[in-house]
Amino acid sequence: MSRTAKPLIGLFLLILLTCVLFSGRTYASSMYDDNVPSLLPSNAYYFETNGVMRRTTSDSQLFDQILKDRQSSVIADMKKIGADQFIDKTISGGIDTSGGIDFWNYDLSQLQQRKESVVVTIHRGSTPYSIFIPRGKKEVPIPNDPEGRTMWVEVNQKVISASKEALSRYLLMVKEGVIFGSLASSYNIYSMYPEQQVPLTDILQDAKEAKGVALGYQTIKSSGVTMRYSLDGFYNPLFGKMDISMILKSGFSWTSKVNEVKIGAGGSDDKITIGISDEFLDFMRPDSPIREGLLSDIDRNIVASANGVKSVRAALSGIAVEPKNMVDVGMRLIVPSTFSKNDLKNYPIVTGKKGYKLINGIKMRITENMIYKFDEVSGKNEKLGNYDDFGIYLNSLVLGSTITPDGRTVGAVIPLWYKEVVVSTAASDAGTLYYTGRTVKMGNDYSSKLSLDGMNKDLFGIDTKSSGLQAIDVRKFAFTEEADHLKREDHNSVGQAPENFRLKLIFNTTDEEAKGFSIIRNNYYIDDPNLITWLESSEAKAMTGVKADVLYKLITGGIEIDNKPLTYEQWNRMQEIRSELDSAGKSKLMTFIKVIVLIAGVFLIFYSLMLIIAYWIDILNPLFDFSILNMMTFKRLYPVAGEDDMGYITSKAEGTSYVTFPRILIHGLLGMVCGLLFIFGEPVLEFILWIYYKVVSFVGVV
């Protein structure tokens, strides 16, 4: 063996000896250890290892089988107390002890310091097993001490270590059993939504008693529209209302919640008490407002494909448990708010779920025709009123879906009918809402019926057909997403609008007259003769909450002469004059450019003709050595009768080209064609205008 290897082997043996002597799980026998088998009470066992209980050398029990059976009984007991709504919170699964120790609130490492032994009893079914845990410290005489003093030494540490490990497994196993058993009494709360938007009347039917008397509410049809389910809530007896994102997170394990389970000694035999969540107890009460609107009769085939908590199997006992399932008919409320341009069609569309605005805090219970204010924190609902209180009709609602802030798809109600409201922008009462008494009606396929045309003068035009599809025509625009609807400068024309268009839609729960779904119009741009006629009618003036005369003056009296409001005809003519004045600047610019282009065209034709005439004057002139063509072209061209004559020219300025008649004829004809295009060619004019606007836009003039 080499001289280098010997020190390394010595170091390895030293490390190994240190691990053996100081390991927290390995204990050497002590000379002071008790003879544990001789100390066993009648029919008692001790832990030889954490998996074996021994009574004599020939009599032992496997602790793992006891753990498995114990967990099975704990899960079964948890299922039972779920049936009576947790009135009794005490189940079997505890540890009875002669020493009065509450092992559920006890540090097991203290067993190594106890000066007295203890007997604990656990059960396997109805069979009790007594387990002896010897003392951890023993008082012994100090060797060779003439005064006969004593000292305390650690004893029986190997048996105690095995006992501690076994009891730790037992406590963990019971907690896991409590968790898995609680899942059988837990509830998946789903939200339902159709694959496509459907009228609510397509999925509801009147609920009737046996005698056929209507009960005043509806139930979900068992056939027809295909529904999807999405997990919207989860209630557990131990943890109350749980965070859905945590439960659905990949890799989540229910055993990770064992340290949150609250268990205490039951006070007798092997009983334990379970800490049940107050939130869950509120949920389970028969009169609980939280349970209102939850249906338990749901399609299990659809639930199987939903994203809720499915069957969960306990690893030790192998028992599978599955939560109960309910569907919430309290739907979110969303309204169409953003419309996007469609390059393939001449109208904007609602682009999927991003085109809707979620109205926070409002839920509509579709089977009862009720509206609630929902508190996300407490999970409770405050009843605001029924559909009649808000002037809402069942056949004006559509069921669709929306995306929650955490990315889940849930069911949502989309209203199709809106009360028409005008917002004042006058300085005296800016922001005041005026209810017109009319209703704006959208069709269920409104996203394919929208159109934009003309300038931004009006938010909505109304399809007034008395039957058939009632589709809204977003005729003269809406507001951009960041726009302030009270500021005139924030109202963009259609041609200048960005990709998304924003409508001003509200759900008003405070204004008695306009309570319900409202759609806002701006009095700066209202251009609707039907509205003016309506406000003048006796029907509008007789309606409660409709200030017809005030609103009429507000719309038509934007400009006043001698303190008298304009009539509608006068006001309408003023709009036409405004439009004409707006286009006057563009008309003058167009006329000026046309004159310049016309002059340029005439000059080109005249100049080209003169070039041809000058050529022949130069060729036929025998008296002077002077060229008119050369002068007119700024010495760029020089006339010759033929190519053979080029050799007789005695001098030529730099940059001058010789031209014969065919060549000068081509020059002249090209110039005439260009001149004609300038005079009669509209594309040339459009091209010049295009260049002009590009340049001025680039330099920031417009």
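Trainee: How many bridges join S11 to strand S27 (residues 397–403)?

Mentor: In this predicted model, strands are DSSP runs of E with at least two residues and helices are runs of H or I with at least four, both numbered from the N terminus. Two strands pair if DSSP finds at least two bridges between them. S11 and S27 run antiparallel, and the number of bridges that join them is two.

Trainee: Which pLDDT do local features need in this predicted model?

Mentor: The term pLDDT denotes the predictor's confidence in each residue, from 0 to 100. Residues are numbered from 1 along each chain as its sequence is written, and side-chain values use heavy atoms, with hydrogens and water left out. Totals for chains, interfaces and linings use all residues, side-chain atom pairs count only at pLDDT 80 or more, and local features need a pLDDT of at least 70.

Trainee: In S27, which residue is the bridge partner of Pro199?

Mentor: One contact point between S11 and S27 places Val198 opposite Leu399. For Pro199, the bridge partner in S27 is Val398.

Trainee: Which strands stand at the edges, each with a single partner strand?

Mentor: S11 and S27 belong to an open sheet of seven strands with mixed pairing, in the order S11-S27-S28-S22-S24-S25-S26. A strand at the edge has a single partner, so one side of it is left without a neighbour in the sheet. Here the edge strands are S11 (198–199) and S26 (381–386).

Trainee: How many of the seven residues of S27 are buried?

Mentor: Buried means under 20% relative accessible area, exposed means over 50%, and partly exposed lies in between, with a 1.4 Å probe and protein chains only. S27 is largely enclosed by the rest of the structure, because the number of its seven residues that are buried is six.

Trainee: Which residue takes a positive phi in the hairpin of S27 and S28?

Mentor: S27 pairs with strand S28 (residues 409–415) in the antiparallel sense over seven bridges. Leu397 of S27 stands opposite Pro415 in S28. Five residues lie between the two strands, and the one with a positive phi near 90° is Gly407.

Trainee: What is the order of the five strands that form an open sheet?

Mentor: The pairing in this sheet is mixed, and its edge strands, S15 (240–241) and S18 (294–295), each pair on one side only. Within the sheet, strand S10 (residues 187–194) and strand S14 (residues 227–236) run antiparallel and are joined by eight bridges. Pro194 has Met227 as its bridge partner in S14. The full order is S15-S14-S10-S21-S18.

Trainee: Do strand S1 (residues 44–49) and strand S7 (residues 127–133) run parallel or antiparallel?

Mentor: Strand S6 (residues 118–124) is joined to S7 by seven bridges in the antiparallel sense, and Val118 stands opposite Ile133. S1 is joined to S7 by two bridges, with Tyr45 opposite Ile131. The direction of S1 and S7 is parallel.

Trainee: Which residues touch the most other members of the largest nonpolar core?

Mentor: A nonpolar core is a set of buried Ala, Val, Leu, Ile, Met, Phe, Trp, Tyr and Cys residues joined through side-chain atoms within 4.5 Å. The largest one has 61 residues, and its largest share, 12 residues, comes from helix H4 (residues 157–183). At least three residues come from each of domain 1 (33–184) and domain 2 (188–296 + 331–340 + 493–521), with bounds from an automatic or database domain assignment. The members touching the most others are Val178, Trp254 and Phe283.

Trainee: What separates the C-alpha atoms of Ile679 and Ala600?

Mentor: Ile679 lies in helix H14 (residues 661–680) and is partly exposed, with a relative accessible area of 25%. Taking contact as heavy atoms within 4.5 Å, Ile679 touches Leu598, Gly601, Val602 and Ile605, not counting residues up to four places away in sequence. Ile679 and Ala600 are 79 residues apart along the chain, and their C-alpha atoms are separated by 8.1 Å.

Trainee: Over residues 209–214, what is the pLDDT?

Mentor: The protein averages a pLDDT of 75, and 66% of the residues score at least 70. Where pLDDT is low, the predicted coordinates should not be read in detail. Residues 209–214 have five contacts beyond near neighbours in sequence, and their pLDDT is below 50.
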